[in-house]
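Good morning, and thank you for making time for this item. I would ask that you keep the sequence and the model in view while I speak.

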Amino acid sequence: MHEVGLMTEAVRLAVASAQTAGAARVTVVRLRVGALSGAVPDALAFAWDVVRQGTRAAAARLEIETIPAACWCATCRREFECADFFNECPHCHELSGELRCGRELEIASVELH
Ligand SMILES: [Zn+2]
């Protein structure tokens, strides 16, 4: 499962930041997950429960912020929310493939104790 690898890496990074800061535990890990990132939030949460065991992040809480996908229309000079990589602008009906957000898959912040 793709999500297990992602969460293994997220735990590794969170634990590394705890070590660097001299903190005993990771208390919260916040992720930003774009609608088109390819990762499923439920699967991330499931993987998280497995991979954090036995680490400094074992008791940490996972918070997932989902980011809606948005395309940029060069004609209207505005963003519109979209569900795929190529989309028709709802205002002028031009096709846009200029995705502005929605591919995020990153750690937004980590809280340590
Ligand atoms: Zn447009």
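How many bridges join S3 to S7, and in which direction do the two strands run? There are 2 bridges between S3 and S7, and the strands run antiparallel. I should say at once that this is a predicted model.

Let me stay with this sheet. It is an open sheet of 3 strands, in the order S4-S3-S7, with antiparallel pairing. Its edge strands are S4, residues 78–81, and S7, residues 99–101, each of which pairs on one side only. From one strand to the next, the twist averages 40°.

On the S4 side, S3, which comprises residues 70–73, is joined to S4 by 4 bridges, again antiparallel. S3 and S4 form a hairpin with 4 residues between them. In that turn, Arg77 has a positive phi of about 55°.

Cys71 deserves a moment of attention. In S4 it stands opposite Phe80, and in S7 Cys71 stands opposite Leu99. The bridge partner of Trp72 in S4 is Glu79. As for the two faces of S3, Cys71 and Cys73 belong to the covered one, whereas Ala70 and Trp72 lie on the uncovered one.

I turn now to the helices, beginning with H1. H1 has 20 residues and reaches 29 Å from its first C-alpha to its last, close to the 28 Å expected at 1.5 Å a residue. Which residues of H1 are buried? They are Glu3, Leu6, Met7, Ala10, Val11, Ala14, Val15 and Ala18. These residues cover an arc of only 165° around the axis, which puts them on the same side of H1. The general background is that an α-helix has 3.6 residues a turn, so residues three or four places apart point the same way. The other side of H1 carries the exposed residues His2, Gly5, Glu9, Ala16, Gln19 and Thr20.

What do the buried residues of H1 pack against? Their partners are S1, H2 and strand S8, residues 105–112. After H1 comes Gly22, with a positive phi near 75°.

H2 can be described in similar terms. Its buried residues are Leu44, Ala47 and Trp48. Viewed down the axis of H2, these fall within an arc of 110°, so they line one face of the helix. On the face turned away from that buried side, H2 carries the exposed residues Asp42 and Asp49. The buried residues of H2 pack against H1, S1 and strand S2, residues 61–67.

This brings me to the nonpolar cores. The largest one has 18 residues, and those with the most contacts inside it are Met7, Ala10, Ala14, Val26, Val29, Leu44 and Ala57. Helix H1 (2–21), strand S1 (26–34) and helix H2 (41–51) each supply at least two residues of this core. H1 gives the largest share, 7 residues.

Leu44 may serve as a worked example. Leaving aside residues up to four places away in sequence, Leu44 touches Glu3, Leu6, Met7, Leu31, Val33, Ala39 and Ile64. There is also a second, separate core of 5 residues, which includes Leu36, Ala69, Cys71 and Cys82. Cys71 is thus a residue we have met before, on the covered face of S3.

I am happy to take questions.

Conventions: Residues numbered from 1 in each chain as written. Predicted model: local features only at pLDDT ≥ 70, side-chain atom pairs only at ≥ 80, totals over all residues. Core = buried A, V, L, I, M, F, W, Y, C linked by C-beta atoms within 7 Å. Buried ≥ 20, exposed ≤ 12 C-beta atoms within 10 Å, placed from the backbone. Contact = placed C-beta atoms within 7 Å. Arc of directions from axis to C-beta. Expected span 1.5 Å × (residues − 1). Pairing = 2+ DSSP bridges. Axes fitted to C-alpha atoms, helices over the stretch in contact; angles between N-to-C directions.
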